[in-house]
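Work through the two exercises below with the sequence and the model side by side, and try each task before reading its solution.

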2 protein chains.
Amino acid sequence: MPQYTRPIQNVIDGFSSLPGIGSRSAERIAFHLLKLPTDEAMKLARAIDELKTRVTHCRVCSNLAEKGHDEQRPLCDICDDTRRDRSMVCVVEQPKDLLALESTGLWNGLYHVLLGRIAPLDGIDHEDLTLRDLEERLAAGEIAELVLGTNPNLDGDSTSLYIQELIRTSYPSVKVTRLARGLASGTQIEYANRSVLEDAIKGRQTLR
Amino acid sequence: MPQYTRPIQNVIDGFSSLPGIGSRSAERIAFHLLKLPTDEAMKLARAIDELKTRVTHCRVCSNLAEKGHDEQRPLCDICDDTRRDRSMVCVVEQPKDLLALESTGLWNGLYHVLLGRIAPLDGIDHEDLTLRDLEERLAAGEIAELVLGTNPNLDGDSTSLYIQELIRTSYPSVKVTRLARGLASGTQIEYANRSVLEDAIKGRQTLR
């Protein structure tokens with residue numbers, strides 16, 4: 001592997017430390033940046049800078065939030081919105097899950113973003129999630145219903161199970177639900193896998 | 001596709017404009033950067049900054065070169081090295097080809113980096129290469145031998161052919177050679193393809 005001068009090697013090293021970028025791609029990117037007009041390449045540098053200086057997590061729900069001028073631990077737009085129903089909290093794994101649910105416009109409660117899921121194989125356990133914050137919110141007594149909105153897969157299900165166990169004895173009055181499982185709208189039954197069909201049959205909904 | 005706040009979307013847009021990075025990877029990278037300690041993420045931003053402020057191309061051969069304090073169009077280390085044989089110039093497509101040849105320690109001449117190859121299908125023609133600089137160097141009369149070191153493939157060969165045509169009539173005294181073709185050392189004949197075998201047979205070297 002040829003060695004480049006420091007400024008080039010630094011860019012290659014920086015990019016190849018990112019997820020999904022190997023050293024070959026990083027090299028290609030470095031040469032691409034070299035060719036780009038300076039202000040376009042700088043836009044990326046500034047964007048990274050701004051990301052780190054302006055974006056953080058909401059102090060209540062861990063959703064993404066922008067830092068204010070004098071506020072290092074701000075509230076996100078949703079927690080800050082007084083029209084939201086504060087008694088209903090939907091627990092999701094990641095900010096992008098929250099955005100997906102928000103885009104429906106159907107949820108008027110708050111959220112709690114775990115920033116991960118329990119995945120022992122990846123070395124992620126309950127300590128790495130925002131469960132302590134969730135317990136604090138439950139202890140405050142405002143929450144009447146907790147909707148478990150983790151992903152419908154093995155890790156998501158274990159995470160939900162863990163949360164159920166966690167609050168079963170301490171907060172018996174909180175109603176716990178989960179997002180419905182079944183056939184994904186727009187798909188075809190013939191291509192649905194066993195666990196989807198199992199969900200569809202076991203969870204069949206009464207029409208009349 | 002959910003919409004993120006500006007600072008996040010800017011990073012996603014910036015990364016997905018790079019070669020080989022799709023919007024999904026860009027999103028993953030943005031969240032990775034969010035999680036990273038600030039100074040580690042900033043290292044990448046600074047590396048890009050430095051790349052654009054410090055690195056440029058050699059004013060003679062277009063190899064990569066670092067800008068001096070008062071020198072916006074510097075010479076590269078090789079053109080600047082007085083121990084080099086200035087009468088021999090090896091033409092390569094990219095700085096990384098130059099580095100590969102340099103790593104052998106076997107070439108003591110100079111280089112000329114085309115910064116590309118003629119590839120009509122990619123919309124790259126001879127105007128996009130540093131051929132005008134090459135002609136200037138030839139016109140200066142110092143070059144006795146030009147070694148064509150473009151890649152041994154269709155685009156590389158067309159590029160070499162173009163250069164041969166270009167200098168055939170104007171500089172008849174300049175010797176033109178190309179890097180040897182044949183079996184790649186360390187490989188097996190049974191796996192060599194037709195054109196490698198053709199090169200090997202046609203270019204067979206007399207031993208005694």
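**Exercise 1.** Describe the contact between chain B and chain A, and state how many residues each chain gives to it.

*Solution.* Step 1: counting heavy atoms within 4.5 Å as contact, 46 residues of chain A and 46 residues of chain B take part. This is a predicted model, in which local features need pLDDT of at least 70 and side-chain atom pairs count only at pLDDT 80 or more, while totals for chains, interfaces and linings use all residues. Residues are numbered from 1 along each chain as its sequence is written, chains are lettered from A and ligands numbered from 1 in the order in which they are written, and side-chain values use heavy atoms, with hydrogens and water left out.

Step 2: the buried area (accessible area, 1.4 Å probe, that two parts lose on being put together, summed over both) is about 4200 Å², and 77% of it lies on carbon and sulfur atoms.

Step 3: two salt bridges (a side-chain nitrogen of Lys or Arg within 4 Å of a carboxyl oxygen of Asp or Glu) are found across the interface, including the one that joins Glu27(B) to Lys96(A), whose closest N and O atoms are 3.4 Å apart.

**Exercise 2.** Locate Thr159(A) and decide whether this residue is buried or exposed.

*Solution.* Step 1: Thr159(A) lies in helix H6 of chain A, residues 154-168, where a helix is a DSSP run (H or I) of at least four residues, numbered from the N terminus.

Step 2: Thr159(A) counts as buried because its relative accessibility is 1%, the cut-off being under 20% relative accessible area with a 1.4 Å probe and protein chains only.

Step 3: beyond neighbours within four places in sequence, Thr159(A) has contacts that include Leu114(A), Ile118(A) and Leu129(A).

Definitions and conventions. Helices (H or I, at least four residues) and strands (E, at least two) are DSSP runs, numbered from the N terminus. Buried means under 20% relative accessible area, exposed over 50%, partly exposed in between (1.4 Å probe, protein chains only).
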